[in-house]
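Let's take a friendly walk through this fold, one element at a time. Keep the structure open beside you as you read.

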Amino acid sequence: MISIETPGLTSDSPRTLDEKLARVRELLAHELATPDNNDACLTCSFQAEDVLLLHLALELRPAIPVIFLDTGYHFAETYAYRDRIATDWNLNLINVLPKHTVAEQELEHGLLYQTAPDRCCSLRKVEPLFAAIANYKIWFTGLRREQARSRTALEEIADFTLPSGITVRKLSPLADWTTRDVWQSCTLYGIPLLPLYEVGYTSIGCSPCTTIPTDPNDPRSGRWAGHKIECGIHIQAAPNS
Ligand code: SF4
């Protein structure tokens with residue numbers, strides 16, 4: 001793990017929300033210190049964490065590339081919200097598309113999200129995103145440890161090696177944030193949120209694979225009907241041999 005020290009704080013110290021916000025701004029400032037706009041990107045699903053982190057990153061780099069993984073299967077509300085925020089915040093939005101459209105994939109393979117969701121995620125999420133990320137040295141995410149049991153060991157800063165062998169510096173400045181921290185901060189900054197939260201969704205991905213959570217203690221229990229908990233993007237891949 002690479003560390004950036006804040007006087008009196010380590011990344012594991014209990015912190016107030018103000019201290020957490022200061023830490024995020026410090027990490028962003030450290031990583032975005034170079035004038036090169038194309039060395040860093042931020043992946044954004046337009047869920048609350050990502051939009052909050054984006055809001056903070058824009059303070060320092062208004063034209064930071066914002067990568068949205070457009071699987072073609074998102075909710076209409078997600079697309080509408082993406083477009084609204086992109087316009088209102090003048091985003092440098094990069095809409096990353098899979099090799100094949102939804103229609104082409106369904107014609108060739110049927111409904112992979114029902115028959116082979118790992119394959120579907122690989123084609124529509126993992127492969128296109130890893131290809132896009134390879135263009136950058138620094139990758140910001142809004143991931144948090146609290147989101148899922150698969151994320152409890154998430155590091156704030158870590159090197160991430162893509163299957164191509166290219167290594168990028170992956171930063172998750174909200175790693176130790178709680179849901180409450182995120183919501184309080186969004187309220188503090190007047191950030192409008194994806195309307196699907198208002199009807200009970202707590203983790204929002206592709207529409208065929210997302211429901212309102214079945215376990216109130218597990219915000220990702222509405223993803224993939226419990227059959228899997230990660231699409232594969234945030235799992236360190238083995239380099240090609
Ligand atoms: S989340 Fe579902 S629809 Fe989206 S890429 Fe994965 S399997 Fe396909």
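## Helix 1 and its buried face

In helix 1, the residues that count as buried are Leu 17, Lys 20, Leu 21, Arg 23, Val 24, Leu 27, Leu 28 and Glu 31. Looking down the axis of helix 1, these buried residues fall within an arc of 160°, so they line one face of the helix. The general rule behind such a pattern is that an α-helix has 3.6 residues a turn, so residues three or four places apart point the same way. Please keep in mind that this is a predicted model.

Helix 1 spans residues 17-31, which makes 15 residues. From first C-alpha to last it reaches 21 Å, close to the 21 Å expected at 1.5 Å a residue. What covers its buried residues? The cover includes helix 2 (48-60), strand 4 (138-140), strand 5 (157-161), strand 6 (167-171) and helix 7 (179-188).

## Strand 1 and its neighbours

Strand 1 covers residues 40-43, and its side chains alternate: Ala 40 and Leu 42 point one way, while Cys 41 and Thr 43 point the other way. Are these four buried or exposed? All are buried.

Strand 1 pairs with two other strands. With strand 4 it runs parallel, joined by three bridges, and here Leu 42 stands opposite Phe 140. With strand 2 (residues 65-69) the pairing is also in the parallel sense, over two bridges, and Thr 43 stands opposite Ile 67. Strand 1, helix 2 and strand 2 together make a right-handed β-α-β unit.

## From strand 2 to strand 3

Strand 2 also pairs with strand 3 in the parallel sense, over five bridges. Within this pair, Leu 69 of strand 2 stands opposite Val 96 of strand 3. To get from strand 2 to strand 3 the chain passes through helix 3, and this β-α-β crossover is right-handed.

## Helix 3, inside and out

Helix 3 has 13 residues and reaches 18 Å between its first and last C-alpha atoms, close to the 18 Å expected at 1.5 Å a residue. Its buried residues are Thr 78, Tyr 79, Tyr 81, Arg 82, Ile 85 and Ala 86. These cover an arc of only 165° around the axis, which puts them on the same side of helix 3.

What does that buried side pack against? The buried residues of helix 3 pack against helix 2, strand 2 and strand 3. The face turned away from the buried side carries the exposed residues Ala 76, Thr 87 and Asp 88. Just after helix 3 comes Asn 90, which takes a positive phi of about 50°.

## The nonpolar cores

In soluble globular proteins, nonpolar side chains tend to be buried together. In this model the largest nonpolar core has 42 residues, and those touching the most other members are Leu 28, Leu 42, Phe 46, Ile 64, Leu 91, Phe 140 and Trp 177. Which elements supply at least two residues each? They are helix 1, strand 1, helix 2, strand 2, helix 3 (76-88), strand 4 and helix 7. Helix 2 gives the most to this core, with eight residues.

Leu 91 is a good residue to click on. Leaving aside residues up to four places away in sequence, Leu 91 touches Phe 46, Leu 54, Leu 58, Val 66, Ile 85 and Ala 86. Apart from the largest core lies another, of 17 residues, among them Cys 121, Leu 129, Leu 162 and Cys 231.

## Three residues to locate

Leu 162 lies in the loop between strand 5 and strand 6. Its relative accessibility is 1%, so Leu 162 counts as buried, the cut-off being under 20%. The C-alpha atoms of Leu 162 and Ala 134 are separated by 7.5 Å, although these residues are 28 residues apart along the chain.

Thr 101 sits in the loop between strand 3 (92-96) and helix 4 (102-109). With 42% relative accessibility, Thr 101 counts as partly exposed. Its C-alpha atom is separated by 7.2 Å from that of Gly 72, 29 residues apart along the chain. Asp 118, in helix 6 (residues 117-133), is exposed, with a relative accessible area of 53%. Asp 118 and Cys 44 are 74 residues apart in sequence and 21 Å apart in space, C-alpha to C-alpha.

How values were computed:
Residues numbered from 1 in each chain as written. Predicted model: local features only at pLDDT ≥ 70, side-chain atom pairs only at ≥ 80, totals over all residues. Heavy atoms only, no water. Expected span 1.5 Å × (residues − 1). Buried < 20%, exposed > 50% of the residue type's maximum accessible area, 1.4 Å probe, protein only. Arc of directions from axis to C-beta. Contact = heavy atoms within 4.5 Å. Pairing = 2+ DSSP bridges. Right-handed = clockwise from strand over helix to strand, strands pointing away. Core = buried A, V, L, I, M, F, W, Y, C linked by side-chain atoms within 4.5 Å.
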